[in-house]
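Q: I have a new model open and would like to learn how to read its features. Could we go through a few together?

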Amino acid sequence: MNIGIIAINNCMVSGIYGVLDIFVAANFCIEKKYGKNSQHVINCQIYTTNGLPVRGFNGVEVKPTASIDDEKPLDIIIVAANAEIVVECCQEATDFEHKDKIDHWL
């Protein structure tokens, strides 16, 4: 299974690395149950719009392992929360950096 987590500037870092931790733990359990070369392994990558690091809302740098330009087919896409959107949750329209590119990719 191929999973992509999209990270943008001002993202909630816990929504990136916390989710990644869950899939790493799942892979640990899969390896214990099915062996090292199991076909059930979860491939989880952190994506940014250009393959370069972004800065989370808390100032921590999020380093991607892929770019949305890679065009690798994904089974699941997880969009991490952006602090500006969470804090301004009552607005009718939300906007964030590279919104059009991410919308097109999704």
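Q: Let me start with a single side chain. Is Asp-69 buried, partly exposed or exposed?

A: Happy to help, and please keep in mind that this is a predicted model. To place a residue, compare its relative accessible area with two cut-offs: buried means under 20%, exposed means over 50%, and partly exposed lies in between. Asp-69 has 46% relative accessibility, so it counts as partly exposed.

Q: Which side chain does Asp-69 meet in a salt bridge?

A: The general idea comes first: side chains of opposite charge can pair when their charged atoms come close. Here the partner of Asp-69 is Lys-101, at 3.3 Å from N to O. This pair links distant parts of the chain, 32 residues apart: Lys-101 sits in helix H3 (residues 99-105), while Asp-69 lies in the loop between strand S5 (66-67) and S6. Lys-101 is partly exposed too, with a relative accessible area of 34%.

Q: How many salt bridges does the structure hold?

A: There are two. Besides the pair we just saw, the side chains of Glu-31 and Lys-36 meet at 3.5 Å, N to O. Try the cut-offs again on these residues. Glu-31, at 38% relative accessibility, is partly exposed. Lys-36 reaches 65%, so it is classed as exposed.

Q: Now for the nonpolar side. Which residues make a nonpolar surface patch?

A: A patch is read by looking for nonpolar side chains that are joined at the surface, each residue having over 30% relative accessible area. In this model Ile-77, Val-79 and Leu-106 make one of about 250 Å². Take Val-79 as an example: it belongs to strand S6, which covers residues 76-79. Its relative accessible area is 48%, so Val-79 is partly exposed and passes the patch cut-off.

Q: What does the surface of the protein add up to as a whole?

A: The protein exposes about 6,800 Å², and carbon and sulfur atoms supply 55% of that area. As for the interior, buried residues account for 30% of the 106 residues.

Q: And how many helices and strands does the protein have, and in what order do they run?

A: Count three helices and six strands. Reading from the N terminus, the order is β-α-β-β-β-β-β-α-α. To see how the chain comes together, look at contacts between residues at least 6 apart in sequence: 65% of them join residues at least 24 apart. The salt bridge between Lys-101 and Asp-69 is a good place to look in the viewer, as this pair links distant parts of the chain.

Methods. Residues numbered from 1 in each chain as written. Predicted model: local features only at pLDDT ≥ 70, side-chain atom pairs only at ≥ 80, totals over all residues. Heavy atoms only, no water. Patch = residues over 30% accessible without salt bridge, like charges linked within 9 Å, V, L, I, M, F, W, Y side chains within 5 Å. Areas by Shrake-Rupley, 256 points an atom, 1.4 Å probe, with all protein chains shown as cover. Salt bridge = Lys/Arg side-chain N within 4 Å of Asp/Glu carboxyl O. Helix = DSSP H or I, 4+ residues; strand = E, 2+ residues; numbered from the N terminus. Buried < 20%, exposed > 50% of the residue type's maximum accessible area, 1.4 Å probe, protein only. Contact = heavy atoms within 4.5 Å.
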